[in-house]
Amino acid sequence: QITTLINHKDKPKRSDKTLQAIQRVGQAVNLAVGRFVTVGEAIASENHELKEEMSVACIEARRAGETIAQLTDVASLDNPESDSHITIFTDKTGVVKAARLLLSSVTKVLVLADRIVIKQIITSRNKVLATMDQLEKVSSFQEFVQIFSQFGNEMVEFAHLTGDRQNDLKDEKKKARMAASRAVLEKCTMMLLTASKTCLRHPDCESARINKDGVFHRMRLALEQVIDIVTDSRPNGESEMAPISIYSGIKEFKNKVEGLRENLYFLSKENLSTMLEVILEHTEDFTDSAYTSHEHREHILELSKQAKMELEQLVSVWMQAQNQKTKDLMEDLEVAILKTCQCMNELKREVHSAATSLAADLLKYHTDHMVLKALKITGVEGNLEAVAEYTCKLSEQKEQLVEMCRLLRHVSGTEPLEITCIHAEDTFQVTGPQIISAAETLALHPSSKIAKENLEVFCEAWESQLSDMSLLLREINDVFEGRRGEKRVYLSLPRPGKHNANLKALKPVKLDTEEQAKIAKLGLELHLLTSDVDSETEKWEDQENEIVQHGQGMSSMAYSMYLFTRGEGLLKTTQDLFHQAEIFATEGTKLASALHALSDQVHDDKPLLLLEAEKLISMCKQLQITAKASAQGKSATFTKVDACILKTRNVMTLLCQLLPLCCKLLRKSKAGNGCLKPAPPWKEDRIGTGANARAPERRVDTFGIKSLENHVTNMTFLESK
């Protein structure tokens, strides 16, 4: 809007329509600034250390907004009395100055608010670390239960803060690192619980102590990495130097080689030779690996030798072309460039094939989890000798999977996927020994239910990581074959339909920009409806009510579908969207059942409630039929997407009407025990307490918040032990 004002054309004739439009824009800017500043002032009042700076920036922004409104007050220019009135037409530089002041002050407010968010995350991390120190030293179950309950609440707050931050990060690499760290914290929270319980039950068991210490150490590392990402710093001034992958090395090498077409003098032959040497050194990770097939090893060695020869030929022609730019020499140079790049492409294809075929074979071979099953059985039997035998087999399996991750990193294709490979390698490297220590503890105490539960938790983490590797392998292949953009970030978090084995393996269809624009309007309507539903659910005092739970779940899924219309979020393809629509419709059917149950408790408006419930069932069935219908071809797929979002919008519209009706009926049935509560203030909303803490995480999935909260509230079983 500011750009529109500054760029308007100074025409001698100004129509009433033009004058009114300019005034509307000026007023809109002023109103927007007013709303923005109100939030800034609220933040300032809650953070005294930055209150003065924030207040000054807010005052500057408000003053600039008011100046723009005054200068665009041009609707009364036809009145003779207004001749002396300074406007955008008489003082355009005034608008420019006000716009600059506005942008600088708004930026200052944003930077200060960002500092506050960073401080909140650091403070939250410090609270978690302090409670972890207490947990590590407890010696009784009763004390452990009390402290772990506090720890759980602190982890929920940390999850909300870091989830918002992950969504706000613009750097895809940092976003992937944050996702990896939060995935570690998600899994380790449950591990910390069972490992600590086992240690408390068997205080003299060395393997139980080792198991617990490993979990605490890993959680502390993950917490530190989150802070490194948030503050954009490294401990002891270290620079973040990730090892270069073969894929990125080849990409950079080819760019330099192809750059010779434009400029023969921008780099030296030594630079090119060094770059190739580094790439070929990395190929030794493949040729030296015991898990690379003989055929792949031979091909990689042959292509490495050929690459050296092609570069020698290229350098020879290149040096001649620098001295004498003849047509023949330039043609020879072009041929040398093409042959060198072709050779590098073949080398890239070969290492990709070696890494992905190894990964596919290993994941298929270990899909039955036979070693883990054997460890559980022999542990319960107390067979120490058999446990020792299977721990050796698990160590071998761990080495294979670690090697697989290292090779996949070389061919992952994007920095976020590289980071995910490194995270997977670390997970296998750490979880393997932890499973072994948990199995040894169970073998020493075969009748211990807590030791058995602890082993189960670590085995589940291993199985989960193997499952994630299958998805990661698919993404690496997608990037290599050009089916996915480079900005795709892999998150090892739950996705709609991830575990549905009956889904048909249809080829996903990606909507182009024009088609996304067509559904953007529907998406925005869906977004507004999710806000309305959230506002209604926040008014319920009983947040555990089944109707509220289903309403929050549906709102969260609808929001994911809205993000899809923007090309954002975890729903990356149309197939993902259809899966989400099916799950949304199922949740709506469950809500209808809850409405039927409510109708048995109330007397007023019972027919209306039953009518609305039947309407909801009908709409959800229609949505399920649409989502499950086959769609061949791009046009049919787009029509199906449009229909799914439209029907989801209709369900959400009905939900907006149902929630206040149900709340009113419940309030009447409770004879004065109100079910309404006031909306939470800014700060509570920001850290995700109250109703929002219980709602499913919105813009980016928080790590196991729902399960963690439920777990914290169900800790009383420990006291009976």
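Axes here are lines fitted to C-alpha atoms, for helices over the stretch in contact, and the angle between two of them is taken between N-to-C directions, from 0 to 180 degrees. With that in hand, let's look at two helix pairs in this predicted model: α11 with α15, and α8 with α9.

**α11 and α15**

- Helix α11 covers residues 327-365 and helix α15 covers residues 449-480; they pack at about 155°, and their axes sit 11 Å apart.
- Angles over 145 degrees count as roughly antiparallel, so α11 and α15 are roughly antiparallel to each other.
- The crossing of α11 past α15 is left-handed.
- On the α11 side, the contact is made by Lys 348, Arg 349, His 352, Thr 356, Ala 359, Ala 360 and Leu 363.
- Facing them from α15 are Leu 466, Met 469, Ser 470, Leu 473, Ile 476, Asn 477 and Phe 480.
- Sort the residues of this α11–α15 contact by class and you get eight nonpolar, four polar and two charged.

**α8 and α9**

- Now for helix α8 (residues 246-259) and helix α9 (residues 269-287): their axes come within 10 Å and cross at roughly 155°.
- That angle makes α8 and α9 roughly antiparallel to each other.
- α8 goes past α9 in a left-handed crossing.
- α8 brings Ile 246, Gly 249, Ile 250, Glu 252, Phe 253, Lys 256 and Val 257 to the contact.
- From α9 come Leu 272, Met 275, Leu 276, Ile 279, His 282, Thr 283 and Phe 286.
- The class tally for the contact of α8 with α9 is nine nonpolar, three polar and two charged residues.

Technical notes:
Residues are numbered from 1 along each chain as its sequence is written. This is a predicted model: local features need pLDDT of at least 70, side-chain atom pairs count only at pLDDT 80 or more; totals for chains, interfaces and linings use all residues. Side-chain values use heavy atoms; hydrogens and water are left out. Helices (H or I, at least four residues) and strands (E, at least two) are DSSP runs, numbered from the N terminus. Angles under 35 degrees count as roughly parallel, over 145 as roughly antiparallel, 65 to 115 as roughly perpendicular and the rest as oblique. A crossing is left-handed if the near helix is turned anticlockwise from the far one by less than a right angle, and right-handed if clockwise. Contact means heavy atoms within 4.5 Å. Ala, Val, Leu, Ile, Met, Phe, Trp, Tyr, Cys and Pro count as nonpolar, Asp, Glu, Lys and Arg as charged, and the others, Gly among them, as polar.
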